[in-house]
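Me: Hi! I have a structure open and would like to talk through its packing and its charged pairs. Could you help me read it?

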Amino acid sequence: RPVASVAVCGGAGDDLFAEVRASGADVFVTADLRHHPATEALEHGAPALVDCAHWATEWPWLAAAERVLRAGLAERDPAAADSVDTRVSTIVTAPWTSV
C-alpha cells in the first residue's frame, strides 16, 4: 500500500489507535501490540501496523532526551546543569536476546 506518512510511538501504543487513525497516518509503528485491539483497529480502518520490540522502540532516543534535558537545565539555571548527573543505561532489557 502507498505510504506518505508514518505515526510512531515508542513503547506500547495500542491505546492510541483512535488518535493515529484521526491523524491520517498510513502506517503506525509501535510496540507490544495486543491481538484483539490490533484486530479491532484494523477492522475500523486503522493504518498498516508495524509491531516492534518494546525496548528497541524506546532506547534509541534516550541519548537525545538526555541532551534536551541538560540543555533545558542549562538554559534555566546554568549551575543546575552541572549539578545533575545523567546517564543513559547501556543495559539491553529486551527479553529477546541471546546471552
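Me: Which side chain meets Arg34 in a salt bridge?
Reply: That would be Asp14, with an N to O distance of 2.9 Å. Keep in mind that this is a predicted model.

Me: Where do those two residues lie?
Reply: Arg34 is in the loop between S2 and H2, and Asp14 is in the loop between S1 and H1, so the salt bridge ties together parts that are 20 residues apart in sequence.

Me: Is Asp14 buried or exposed?
Reply: Asp14 counts as buried, because its relative accessibility is 10% and the cut-off for buried is under 20%.

Me: How many salt bridges are there in the whole structure?
Reply: A search finds two. Besides the Arg34 and Asp14 pair, the side chains of Asp85 and Arg87 meet at 2.7 Å, N to O.

Me: And are Asp85 and Arg87 buried or exposed?
Reply: Asp85 is exposed, with a relative accessible area of 61%. Arg87 is exposed too, at 71%.

Me: Why would such side chains pair at all?
Reply: Opposite charges can pair when the charged atoms come close.

Me: Okay, switching to helices. Which residues of H2 are buried?
Reply: Pro37, Ala38 and Ala41 are buried in H2, which spans residues 35-43. They sit on the same side of the helix, because they cover an arc of only 100° around its axis.

Me: What's on the face turned away from that side?
Reply: You'll find the exposed residues His35, His36 and Glu43 there.

Me: And what covers the buried ones?
Reply: The cover includes helix H1 (17-23) and strand S3 (48-52).

Me: Which residue just after H2 has a positive phi?
Reply: Gly45 does, with a phi of about 85°.

Me: Now the core. Which residues make up the largest nonpolar one?
Reply: It has ten residues: Ala7, Cys9, Phe17, Val20, Ala25, Phe28, Leu33, Ala38, Ala41 and Ala46. S1, H1 and H2 each supply at least two residues of this core.

Me: What does Ala46 touch?
Reply: Leaving aside neighbours within four places in sequence, Ala46 is in contact with Arg1, Arg21 and Ala41. Ala41 is one of the buried residues of H2, and it belongs to the largest nonpolar core as well.

Me: What about Thr30, buried or exposed?
Reply: Thr30 counts as buried, at 0% relative accessibility. It is found in strand S2, residues 27-31.

Me: So which residues is Thr30 in contact with?
Reply: Leaving aside neighbours within four places in sequence, Thr30 is in contact with Cys9, Gly11, Ala12, Gly13, Val50, Asp51, Cys52 and Thr57. Cys9 is also one of the residues of the largest nonpolar core.

Me: Let's look at the surface. Which residues form a nonpolar patch there?
Reply: Val3, Val6 and Val8 do, with about 280 Å² of accessible area together. Val8 is found in strand S1, residues 6-12, and it counts as exposed at 63% relative accessibility.

Me: Last one: where is Glu75, and how far is its C-alpha from that of Trp59?
Reply: Glu75 is in helix H4, residues 62-76, and counts as exposed at 73% relative accessibility. Its C-alpha is separated from that of Trp59 by 25 Å, with their positions 16 residues apart along the chain counted as the sequence separation.

Technical notes: Residues numbered from 1 in each chain as written. Predicted model: local features only at pLDDT ≥ 70, side-chain atom pairs only at ≥ 80, totals over all residues. Heavy atoms only, no water. Buried < 20%, exposed > 50% of the residue type's maximum accessible area, 1.4 Å probe, protein only. Helix = DSSP H or I, 4+ residues; strand = E, 2+ residues; numbered from the N terminus. Arc of directions from axis to C-beta. Contact = heavy atoms within 4.5 Å. Patch = residues over 30% accessible without salt bridge, like charges linked within 9 Å, V, L, I, M, F, W, Y side chains within 5 Å. Areas by Shrake-Rupley, 256 points an atom, 1.4 Å probe, with all protein chains shown as cover. Salt bridge = Lys/Arg side-chain N within 4 Å of Asp/Glu carboxyl O. Core = buried A, V, L, I, M, F, W, Y, C linked by side-chain atoms within 4.5 Å.
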